[in-house]
Structures are given as C-alpha cells and as structure tokens.
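The following report looks at how the helices, the strands and the nonpolar cores are arranged around one another.

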Amino acid sequence: MSATADHAETNLAVRLGFQPDQVVQEIGYDDDVDQELREAIEQATGTELVDEEYDDVADAVVLWFREDDGDLTDALVDAIAYMEEGGSILLLTPKTGRDGYVEPSEIGEAATTAGLSATKSVNAGKDWSGSRLITPKAAAKKR
C-alpha cells in the first residue's frame, strides 16, 4: 500500500494537531519555508493560513524561526498573544547544519520562560524541525 506525498504531509499536519476549520496564524514566513508543510496544514484545516496582520485570535500559530530572527522567548510570547486559550504553537526551526539552526536547549529554555511546554518534536520537512508547544494545563486554569 503506498501513500502519495500529499497524503503523507497531510498526516503530518494532522499528527501535529491541526484540525478542520482551525484558524492558523503564520509568523516568520520567508522564502525558505517548507511550502509542502504549509499546504498540508491548509489541507488539514480546510482554511488558508492567516498572516501576521490578522487582527483576531487564532486557534494555532505556526512560527518559523531562525537563529538570527531575534529573541526566541520574545517571539514565543508575541505568538501567545495571537492565540486562542488552549491553542498551540508549532515552532519550526532549521535542522542541524542548516543556516539559522537553533539549539534544542535554546528552544527548551525559551519555551519554559514563555510559559509553554513542548509536547512533541517532529521532522517537519527536508530542512525544518518542528516543536509543538502548548500552555501547561495548570497555567490555562489560572486564566
């Protein structure tokens, strides 16, 4: 039994927690992003990704982040501001050896400082690694 590349990518988007009718905001888009992953997310949600100019809350945020994009903690805190309570952030960083690579320890430290927990790390394409970050349940109950 063989699956098409589109089907495999869609499964990745679904495994990452993307669901039909979700509003997904994309931050950090540039020429180097993985177009197949973007399309898989849009296919899984049935909606187009919204950009940084979107002025309402989103169910999830896709954050493309490279080493020279600034402070990761600040970027995560800003992404949380765009997100519906209980939403998640898919943090995408270049894989080891690629331009803009971000150390896993930096990701962990920034996520913790921003009040997020990593639920899974995944291979998110040829050049990108993904970390799904959520607000811990205890923090969500305090809101």
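In helix H4 (104-113), the residues Ile107, Ala110 and Ala111 are buried, that is, under 20% relative accessible area with a 1.4 Å probe and protein chains only. Seen down the axis of H4, these buried residues fall within an arc of 160° or less, namely 100°, taken from the directions from the helix axis to the C-beta atoms, so they line one face of the helix. On the other side of H4, Ser105, Glu109, Thr112 and Thr113 are exposed, which is to say over 50% on that scale, with partly exposed in between. The cover over the buried residues of H4 includes H3, S3 and S5, and H4 is followed by glycine 115, whose phi is positive, near 85°.

This is a predicted model, in which local features need pLDDT of at least 70 and side-chain atom pairs count only at pLDDT 80 or more, whereas totals for chains, interfaces and linings use all residues. Residues are numbered from 1 along each chain as its sequence is written, and side-chain values use heavy atoms, with hydrogens and water left out. Helices (H or I, at least four residues) and strands (E, at least two) are DSSP runs, numbered from the N terminus.

In H3, the buried residues are Leu72, Thr73, Ala75, Leu76, Ala79 and Ile80; viewed along the axis of H3 they fall within an arc of 160°, so they line one face of the helix. They pack against strand S1 (24-27), S2, S3, H4 and S5. At the start of H3, a side-chain oxygen of aspartate 71 comes to within 3.2 Å of the backbone nitrogen of threonine 73.

The largest nonpolar core, a set of buried Ala, Val, Leu, Ile, Met, Phe, Trp, Tyr and Cys residues joined through side-chain atoms within 4.5 Å, has 19 residues, and those with the most contacts inside it are Leu63, Leu72, Leu76, Ile89 and Leu116. The elements tabulated here each supply at least two residues of this core.

| Element | Residues |
|---|---|
| Strand S2 | 58-64 |
| Helix H3 | 72-81 |
| Strand S3 | 83-94 |
| Helix H4 | 104-113 |

H3 gives the most to this core, with five residues. A second, separate core of 18 residues includes Leu12, Phe18, Ala60 and Trp64. Leaving aside neighbours within four places in sequence, leucine 116 is in contact (heavy atoms within 4.5 Å) with residues including Leu76, Ile80, Ile89, Ala111 and Leu133.

Strand S4 (residues 117-123) and strand S5 (residues 128-134) run antiparallel and are joined by six bridges, where pairing requires that DSSP finds at least two bridges between two strands. Lysine 120 has arginine 132 in S5 as its bridge partner. The two strands, S4 and S5, form a hairpin with four residues between them, and glycine 125 in the turn has a positive phi of about 140°.

Key:
Polar contact = N/O pair within 3.5 Å; in protein donor to acceptor, adjacent residues only side chain to side chain.
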